[in-house]
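I'm opening a notebook page on this one and jotting things down in the order I look them up. Backbone oddities come before the overall picture.

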Amino acid sequence: MADEKFSVKQYVKKTKLWKSIFRHDFMDTPRTRLQRVFGNVFLHLHPVRTSKDAIRVTYTWGLGGLSFFLFLILTVTGILLMFYYRPASILAYQDIKDLSFAVTLGQLLRNMHRWSAHLMVVVVILHMVRVFLTGAYKPPREYNWVVGVLLLVMTLFLSYTGYLLPWDQLALWAVTVGAQMAANSPLLGNEGPFRLPFITPFNDARFGLIGGTVINDATLIRFYVLHCIAVPFIFCVFVCVHLWRVRKDSFSKQTGEKVDVWPHLVSREFLGTLLTMVILFVWSMVMNAPLEGQANLNVTPNPSKAPWYFLGLQELLVYFDPWIAGVVLPTLIIIGLMAIPYVDINPKGVGYWPKMKWKRLGWLPVWVPEERPFAVTVFMLGVIMWFVLIFIGTYCRGPNWEWYMPGEPWSYRRLTKLTLKNIPNLWGSLILVSYFLFGSPIPKKVKEWLSTKMGSKAPALVSAALHIGLGMVMAVALFVPLLTAADADFPMRSRYTTLFEALGRSINSPVVSWMYHLVQQFGPAVGYAIIIPMVGLIGLCLGGVGIVFAKFKDRLYEALGPIKYAMVIALLLMMTGVLGKIVLRLLFGVKYLISLPVFNFNI
Amino acid sequence: MGGWLLSNLRYLFPNVLYEPTLSFKAGKPEDYPLGISEKWKKTQRVWIVRKADGFYCFWARCTHLGCTPNWFDAENRFKCPCHGSNFNKDGDVIAGPAPKPLWRCAIKRADDGQLLIDKARLENRPGQREQGDFFLTFKSA
C-alpha cells in the first residue's frame with residue numbers, strides 16, 4: 001500500500017464517465033492500434049490495416065483527403081461568416097465591409113474562406129489528374145470516378161454561387177454572364193437555339209436560376225441558399241458515397257506489406273492537414289480576398305474578369321456562341337470525363353504513375369507513357385488546353401477583352417479596330433463535315449474486301465486518298481471563300497465588297513492580311529501563284545496528320561467497337577476542334593463557320 | 001413522386017416580380033447634341049443617339065452575355081469589356097462573339113415634350129428598327 005501513490009490519471013481513467021466515452025486504453029499495442037480506428041466514428045472511415053505502398057505520400061499526395069479537409073475548413077469558416085452576413089442587396093456589401101474592417105479577425109476569416117475555396121479547386125483538379133494518371137478509376141472503381149466528377153462540378157458551382165454573396169462588381173457581372181448562359185441554353189433558354197414555343201424571358205432557365213428577369217434580391221437569396229445549404233447538403237451526400245466507395249472498392253495500390261493505419265496513415269493525414277492549415281494561415285495573413293466596388297447593375301468594370309478557375313470558360317466564350325461555349329462544351333466535358341472509365345478498356349496502368357518513354361509515331365518522335373499512350377496523352381492534352389485558356393484569360397486579355405502580351409501595359413485609349421467575318425454557310429459546313437469525317441476509321445472487313453478486290457496495297461492507298469482528300473477539301477473550303485466570297489455585310493457596315501479585302505485590311509487576321517498584301521504588292525498573278533501552292537501544302541499537311549493517325553484509328557476501332565469508338569473519337573475531335581476554332585479566329589479573323597441567326601444557331 | 005418534384009420545380013418560378021420599372025423620361029430632345037449621349041448609361045443603362053433627322057435609343061446591354069459595353073468615340077464603336085464584342089453606331093456587330101445587333105428601345109415624345117424611353121419594347125432587326133416606335137423623327141429648328 002505504501003508504494004502505490006495516488007495518481008489523478010489512474011483515478012480519472014477508472015471513473016464511469018471516462019469509461020463510458022473511451023473504450024480502450026492508450027498503450028501502443030497492436031490491439032489498441034486497431035481499436036483506435038474501428039472504435040472511433042471519424043477514424044473508422046479507414047481500414048485498420050492497409051498496404052504500405054498505398055499510403056506512400058508520393059503515390060497519392062494526399063490530395064483526396066486534403067480536398068475533404070478543405071471542405072471542412074470552408075464549412076467552419078463559412079458558418080462563422082454567416083453570423084455577420086445578411087443576404088439583401090442593400091445590406092450585403094456593407095456587411096462584407098464590416099467583416100473586413102469592423103469585426104475583429106473578420107478579414108482573416110473571410111480571407112481563409114476565399115483562399116481555401118481557391119485551394120480546394122486546385123486540389124480537387126490535381127486529385128482528379130492523380131487518379132487518372134495512376135489508373136485508379138479502372139474497374140471496379142468506375143462509378144466512384146463518376147461521383148468524383150460530380151464533386152468537381154459541385155466544387156465549381158459552390159465557388160460560383162459563393163462569389164455573388166459579397167454583392168460587389170465581380171459578383172454581379174459574373175452572375176450576369178452565368179445567368180445569361182442559362183438564357184442561351186438550347187430549347188429551354190429564351191435566347192438559345194431552337195427554343196421551345198412556350199419559352200419566354202419569364203419562364204426560361206435564366207428566370208428559374210435568378211428568380212426574375214434582372215439580378216436583384218431574389219437572386220441573392222437564391223444563391224445564398226444554394227451556397228450555404230442546398231449545394232453543401234448534396235455535396236455531403238456525394239462525399240459520403242465517394243468515401244464509402246473508396247473503402248468498398250479498396251485502394252488502387254495493393255503492393256507492399258500491410259501496416260497499421262494508426263499511426264502510419266493517420267499521422268500522414270495529420271501532417272498534411274497541419275501543413276495545409278499553415279499555408280492557409282500565412283496566405284490569409286499576407287493577402288486579402290479581393291473585394292471590388294459595390295455592385296452596379298448598369299456599369300461593367302473594364303475588363304471584367306472572372307476568378308481564375310472560370311477564366312478558361314470566359315476565354316472559350318470569346319470563340320464560340322454562348323450556347324456552345326457555355327452549355328454544350330461544359331456538358332460534353334463533364335460527360336466526357338464521366339465516360340472515361342467506361343470507354344477505357346485498357347486494363348493496364350493501375351496503381352502506379354505512368355512510365356514515360358520516347359517513341360515514334362510515323363515520323364513523329366513523341367514522349368508517351370509505355371502502357372496507356374493514347375489515354376494519358378488525350379487527357380493531359382485536355383487539362384493543358386484548359387490551363388492554357390486560363391493563362392490567356394489571365395495574362396493576355398486587357399481592356400475590352402483585347403489581346404495584350406503578358407506584361408504589356410494596358411491602355412484604355414489604344415485604337416484597336418477588330419473585324420470578324422463569317423465563312424458562307426455552305427463552305428463552312430463543308431469544313432465542319434470533312435473535319436469530323438477525319439474520325440472515320442476503315443474497318444477490317446472493308447480492308448479485307450478491298451484487298452481481295454484490288455490487291456494488297458489497296459487499303460493503304462484508299463486510306464491515304466481519303467485523308468489527303470479530306471485535308472484538301474478542308475483547306476480549299478477555308479481559303480476559297482476567304483479569297484473570293486463577297487462580304488455579306490457590304491454595304492451595311494463594311495466599306496469592302498469582298499471578304500478578302502475586309503479581312504486583308506483588318507489588323508486581327510494575320511494570315512489573310514499577309515495574303516492580301518502579297519497580292520497587292522506583287523500583283524494577282526504572282527500573289528496567287530504563291531498562295532495556291534501554300535493552300536495545297538496546308539491541305540497535304542492536314543491529310544498527312546490524318547495518315548499518321550490512320551493505323552492507330554483502325555486499331556482503336558477494332559478494339560473498342562463502333563459505339564465506344566464513336567464516342568471517343570467525337571469527344572477527341574471536338575476537343576481539338578476547339579483548338580481549330582481558336583486558330584481560325586486568331587489567325588484568319590473567322591467568326592462563324594455556320595450561321596443561322598433565325599434559330600440563334602451559330603457555330 | 002414525379003408530380004411532387006415537378007411541383008417543387010414550379011414553386012421556384014415566382015409569379016410576382018419586384019423589379020424596377022422599364023420606362024423613364026429622358027428630358028427635352030433639344031438638349032441633346034448630335035451623336036451618342038452617355039447621360040443615362042449609369043442610371044438607366046441606355047444610350048440616346050441623335051442623328052440629323054431624329055432620335056433612337058440603345059439598350060446598353062451586350063447581346064452576347066449581358067455586360068454593359070462602353071462607347072469609344074475615337075474608334076466610332078461600342079466595345080464590351082467581358083468578351084470583347086464590338087458594335088458600330090447602328091448597333092451591328094463588327095467583331096467579337098456577340099450573335100446579334102444591340103437592342104433598340106421604343107422612343108416617343110411624352111405629353112410634356114420630353115423623350116419617353118420604354119426598355120420593355122425592343123427591336124434590333126435592320127429595317128424594323130429604323131422606323132415606327134423605335135425611331136423618333138425630330139428636326140432641329
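**Entry 1: the end of a helix.** I started at Ser250(A), which follows helix 11 of chain A and has a positive phi, near 65°. I'm keeping in mind that this is a predicted model.

**Entry 2: helix 11 itself.** Next I went back along the helix that Ser250(A) follows. Does its length fit its residue count, or not? Helix 11 of chain A runs over residues 217-249, 33 residues in total, and at 1.5 Å a residue the expected span is 48 Å. I get 45 Å between its end C-alpha atoms, so the two agree. I also looked for a kink: helix 11 of chain A bends by about 45° at Leu226(A).

Which residues of helix 11 of chain A are buried? My list has Thr219(A), Leu220(A), Arg222(A), Phe223(A), Tyr224(A), His227(A), Cys228(A), His242(A) and Val246(A). A reminder to myself: an α-helix has 3.6 residues a turn, so residues three or four places apart point the same way. As for what covers the buried residues of helix 11, I noted helix 5 (63-82), helix 6 (92-101) and helix 8 (142-162) of chain A among the elements. Helix 9 (169-183) and helix 10 (205-210) of chain A are also included in that cover.

**Entry 3: other positive phi values.** I found Leu105(A) with phi near 65°, positive although the residue is not a glycine. Leu105(A) sits in the loop between helix 6 and helix 7 of chain A. Asn400(A) is another non-glycine residue with a positive phi, near 60°. Asn400(A) belongs to the loop between helix 15 (373-395) and helix 16 (425-437) of chain A.

Is Leu105(A) buried or exposed? I count 10 other C-beta atoms within 10 Å of Leu105(A), so it goes down as exposed; the cut-off for that is 12 or fewer. Asn400(A) has 27 C-beta neighbours inside 10 Å and therefore counts as buried, the threshold being 20 or more.

**Entry 4: cis peptides.** I wrote down a cis bond joining Pro139(A) and Pro140(A), with omega about 10°. Pro140(A) is in the loop between helix 7 (106-133) and helix 8 of chain A. I have another cis bond joining Asn302(A) and Pro303(A), where omega is about -5°. Pro303(A) falls in the loop between helix 12 (261-286) and helix 13 (308-319) of chain A.

**Entry 5: stepping back to chain A.** I count 20 helices and six strands in chain A. Its C-alpha trace spans about 115 × 70 × 50 Å along the principal axes. Of the 603 residues in chain A, 35% are buried. Among contacts in chain A with a separation of 6 or more, 69% come from residues 24 or more positions apart.

The domain assignment splits chain A into domain 1 (8-36), domain 2 (43-292 + 307-343), domain 3 (354-416) and domain 4 (425-602). How far apart are the centres of domain 1 and domain 3 of chain A? I have 56 Å, taken over C-alpha atoms.

**Entry 6: where chain B touches chain A.** I looked up the contacts last: 32 residues of chain B meet 40 residues of chain A. On the chain B side, helix 2 (41-44) and strand 8 (93-95) each supply at least two residues. Helix 2 of chain B gives the most, with three residues. By class, I have 13 nonpolar, 10 polar and nine charged residues on the side of chain B that touches chain A.

Conventions: Residues are numbered from 1 along each chain as its sequence is written. Chains are lettered from A and ligands numbered from 1 in the order in which they are written. This is a predicted model: local features need pLDDT of at least 70, side-chain atom pairs count only at pLDDT 80 or more; totals for chains, interfaces and linings use all residues. Two residues are in contact if their C-beta atoms, placed from the backbone, lie within 7 Å. Helices (H or I, at least four residues) and strands (E, at least two) are DSSP runs, numbered from the N terminus. Ala, Val, Leu, Ile, Met, Phe, Trp, Tyr, Cys and Pro count as nonpolar, Asp, Glu, Lys and Arg as charged, and the others, Gly among them, as polar. Domain bounds come from an automatic or database domain assignment. The expected span of a helix is 1.5 Å times one less than its number of residues. The bend at a residue is the angle between axes fitted to the seven residues ending there and the seven starting there.
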